[in-house]
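Q: I have some questions about surface patches, salt bridges and burial. Could you take me through the reasoning behind each label?

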Amino acid sequence: MGEERGSGRGPKANGATPAIEVNDLTVAYREHPVLWDIDLTVPAGVLMAIVGPNGAGKSTLIKAILGLVRAAAGQVLVHGRPYAENRRLVAYVPQRGSVDWDFPTSVLDVVTMGRYGALGWLRRPGRREREQALAALAQVDMVDYAGRQISQLSGGQQQRVFLARALVQDARVYLMDEPFQGVDAKTERAIVTVLQQLRAAGDTVVVVHHALQTVPEYFDWVTLLNVRRIAVGPVADVFTEDNLRHTYGGRVPFYASPSPGDVRALG
Amino acid sequence: MSVFQDLFFDYTLRTVALGTAALGIVSGVLGTFAVLRRQSLLGDAISHAALPGIVLAFALTGSKATLVLVLGAAIAGWLGTLLVMLVVRSTRVPEDAALGIVLSVFFGVGLVLLTFVQRRPTASQAGLDRFLFGQAATLLERDVITIALLGALALGCVALFWKEFKLLSFDRDFAATLGFPVRVLDVLLTSALVLAIVIGLQTVGVVLMSAMVIAPAAAARQWTNSLTIMVLLAALFGAIAGVTGAVISATGSHIPTGPMIVLAATTVVALSFTLAPERGLVWAALRRRRQRHAVGAEAVLDDLYALARQHGAAVHGHEVGVLDALRGRSVVRRALAQLAEDELARSDEQGRWHITASGRAQVERDRTGGA
């Protein structure tokens with residue numbers, strides 16, 4: 001279902017190889033299905049939100065694409081080739097709470113880690129990597145914090161550091177796990193600006209997102225997920241009250257207005 | 001004084017000091033990674049699990065050469081680690097329980113084997129029990145060479161894969177998405193930790209060796225926010241604790257070395273936890289006190305502002321007693337002193353307190369700012 005509800009429309013969906021193609025993906029924790037038979041095509045150059053209730057498997061979907069959780073079945077292609085062969089094209093922004101922010105290291109150091117993959121084994125980061133890291137910090141308005149110990153950052157600043165670490169990877173596909181979770185207004189604006197810059201450059205961004213009311217404003221593509229894929233496609237077509245009710249099982253939280261008509265207008 | 005002289009000129013003592021310094025450095029460095037990866041307990045499990053390996057290595061080869069025994073210890077320590085991972089992955093037993101089970105089972109088996117071997121009528125079995133609590137006085141030059149070589153291997157591993165180990169310790173998932181084989185790195189880093197532990201067993205003993213892994217690293221964390229400096233400091237603390245403890249034990253009346261080294265390490269930890277700037281308890285207490293005073297001063301300033309408004313007249317003074325009734329005596333005294341210093345309030349000749357113009361401005365600024 002859902003395929004006919006949306007995808008296939010819009011200029012970006014046609015022609016070129018999709019940025020991400022997920023086929024028949026199933027993930028289970030101890031026989032309990034978390035994701036069930038997911039088919040998903042993300043055209044290159046879109047800004048896509050993944051929305052769904054708690055426990056819908058949004059983070060798991062991203063982690064399964066990245067090979068961080070083992071899939072019981074399924075296949076993931078990135079720009080037409082298996083993820084393992086094209087991983088250099090993919091950057092990951094994990095949930096902020098997934099690491100220990102008391103780790104003894106500086107902001108610049110963390111951002112430089114985004115270059116480690118390109119550096120490969122044994123080679124140490126040098127001046128070039130430092131400059132790349134500083135440039136990425138400038139993009140998220142955090143240059144002044146380069147020398148800070150990471151435990152001295154606010155939640156929003158931590159999030160921007162993680163975003164900068166992904167930016168130095170110079171990838172074409174960005175997967176972000178709840179980057180807007182609990183951040184201040186300034187950080188939210190900074191992230192949105194970066195997302196738009198990435199899309200303008202033709203990159204693809206997939207964001208696990210919670211706040212339904214900002215979906216039409218921030219994103220042009222959306223996946224509605226609740227263990228199964230409910231719908232995927234342009235926000236204007238797919239982000240309807242009907243689909244949302246379907247996804248959230250009758251109750252649509254935090255989403256009174258705008259009405260579906262407004263959604264279409266915004267998208 | 002003579003101890004210091006002996007340290008340089010007495011052959012036995014110098015050997016002991018060199019050996020314990022080397023193992024202190026190695027366990028400090030690898031301990032840093034263990035502590036940062038929250039694997040402190042793993043060190044304890046590895047060292048206890050090593051005991052049956054030591055006894056079996058001796059029983060099978062009849063040799064007491066350090067290299068042979070250390071090899072046996074390493075194999076058993078590794079098996080123990082593997083077993084922990086297996087239990088965690090294939091059952092619902094949580095990791096801490098798995099560590100506890102493996103630790104006590106391996107250690108128990110080790111003790112049984114040790115008793116069994118020591119009952120045998122051969123003379124050469126004597127001395128294996130030094131692996132329980134450690135005996136630095138038994139260190140010979142060739143032991144020190146073994147310790148140094150194996151230690152260098154572990155340190156070389158850390159130097160070579162420094163960037164990878166740092167990334168693995170900070171954000172394992174991110175390392176995996178960059179294409180680093182995190183399982184292999186896990187095995188490599190854990191192997192280096194096993195090496196660091198087994199070379200210390202003869203000197204420190206299986207029972208207390210984990211303290212040499214945890215204590216120097218925990219102390220080092222207090223002083224710095226840089227991983228490089230933390231590793232260097234942990235190495236230094238490890239060496240200091242090792243040499244101090246071993247020398248006291250070797251010159252004294254055969255006190256087991258392990259407990260002495262642990263006491264020395266504990267002293268370093270205690271000093272670090274209390275005195276280190278920023279993270280130390282003394283600094284934290286001072287910071288809390290400053291904060292409490294600031295809050296108290298602000299509250300009293302609020303009171304003065306409210307009182308002045310109630311009485312209409314801006315310059316209406318108030319007895320300290322009125323303020324005391326609102327906040328409590330000691331808070332008010334300290335607060336008034338602070339406010340007077342900042343010129344937010346002043347007292348007149350009768351000892352009545354007034355809020356000043358700038359005090360009033362500050363309260364109003366705070367209120368609008370907070371709204």
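Q: Which helix gives the largest share of the positive patch?
A: The largest share comes from α15(B), with five residues. Keep in mind that this is a predicted model. The patch itself is formed by B:Arg287, B:Arg288, B:Arg289, B:Arg290, B:Arg292 and B:Arg334.

Q: What makes this patch positive?
A: Lys and Arg count as positive, and the patch is formed by B:Arg287, B:Arg288, B:Arg289, B:Arg290, B:Arg292 and B:Arg334. Every one of those names is an Arg, so the patch is called positive.

Q: Why is B:Arg290 called exposed?
A: B:Arg290, found in helix α15 of chain B, has a relative accessible area of 57%. Exposed means over 50%, so B:Arg290 earns the label.

Q: Which residues make the nonpolar surface patch, and where do they come from?
A: B:Trp223, B:Leu271, B:Leu275, B:Val282, B:Trp283 and B:Leu286 make a patch of about 570 Å². Helices α14 (257-275) and α15 (281-310) of chain B each supply at least two of its residues, and α15(B) gives the most, with three.

Q: Why is B:Leu271 called partly exposed?
A: B:Leu271 sits in helix α14 of chain B and has a relative accessible area of 46%. Buried means under 20% and exposed over 50%; 46% falls in between, so B:Leu271 counts as partly exposed.

Q: How do you know that B:Lys166 and A:Asp109 form a salt bridge?
A: Their closest N and O atoms are 2.6 Å apart. The cut-off is 4 Å between a side-chain nitrogen of Lys or Arg and a carboxyl oxygen of Asp or Glu, so this pair qualifies. B:Lys166 lies in helix α8 (residues 162-170) of chain B and A:Asp109 in helix α3 (residues 107-112) of chain A, so the salt bridge joins two chains.

Q: Are the two partners buried or partly exposed?
A: B:Lys166 has 8% relative accessibility, and buried means under 20%, so B:Lys166 is buried. A:Asp109, with a relative accessible area of 23%, is partly exposed.

Q: What makes B:Lys163 and B:Glu164 a buried pair?
A: B:Lys163 has 2% relative accessibility, and B:Glu164 has 2% as well. Under 20% means buried, so the label fits B:Lys163 and B:Glu164. Their side chains meet in a salt bridge at 2.9 Å, N to O.

Q: What does the salt bridge between B:Asp186 and B:Arg172 tie together?
A: The closest N and O atoms of B:Asp186 and B:Arg172 are 2.5 Å apart, within the 4 Å cut-off. B:Asp186 lies in helix α10 (residues 182-198) and B:Arg172 in helix α9 (residues 172-177), both of chain B, so the pair ties together parts that are 14 residues apart in sequence. B:Asp186 counts as buried at 16% relative accessibility, whereas B:Arg172 counts as partly exposed at 34%.

Q: How many salt bridges are there over all chains, and which residues are linked in a network?
A: A search of the whole structure finds 12 salt bridges. A:Asp102, B:Arg221 and B:Arg279 are linked in a network of them.

Terms used:
Residues are numbered from 1 along each chain as its sequence is written. Chains are lettered from A and ligands numbered from 1 in the order in which they are written. This is a predicted model: local features need pLDDT of at least 70, side-chain atom pairs count only at pLDDT 80 or more; totals for chains, interfaces and linings use all residues. Side-chain values use heavy atoms; hydrogens and water are left out. Patches are made of residues with over 30% relative accessible area and no salt bridge: like charges are joined within 9 Å, nonpolar side chains (Val, Leu, Ile, Met, Phe, Trp, Tyr) within 5 Å. Accessible areas come from the Shrake-Rupley method with a 1.4 Å probe; for residues, only the protein chains shown count as cover. Helices (H or I, at least four residues) and strands (E, at least two) are DSSP runs, numbered from the N terminus. Buried means under 20% relative accessible area, exposed over 50%, partly exposed in between (1.4 Å probe, protein chains only). The place of a charge is taken as NZ of Lys, CZ of Arg, CG of Asp or CD of Glu.
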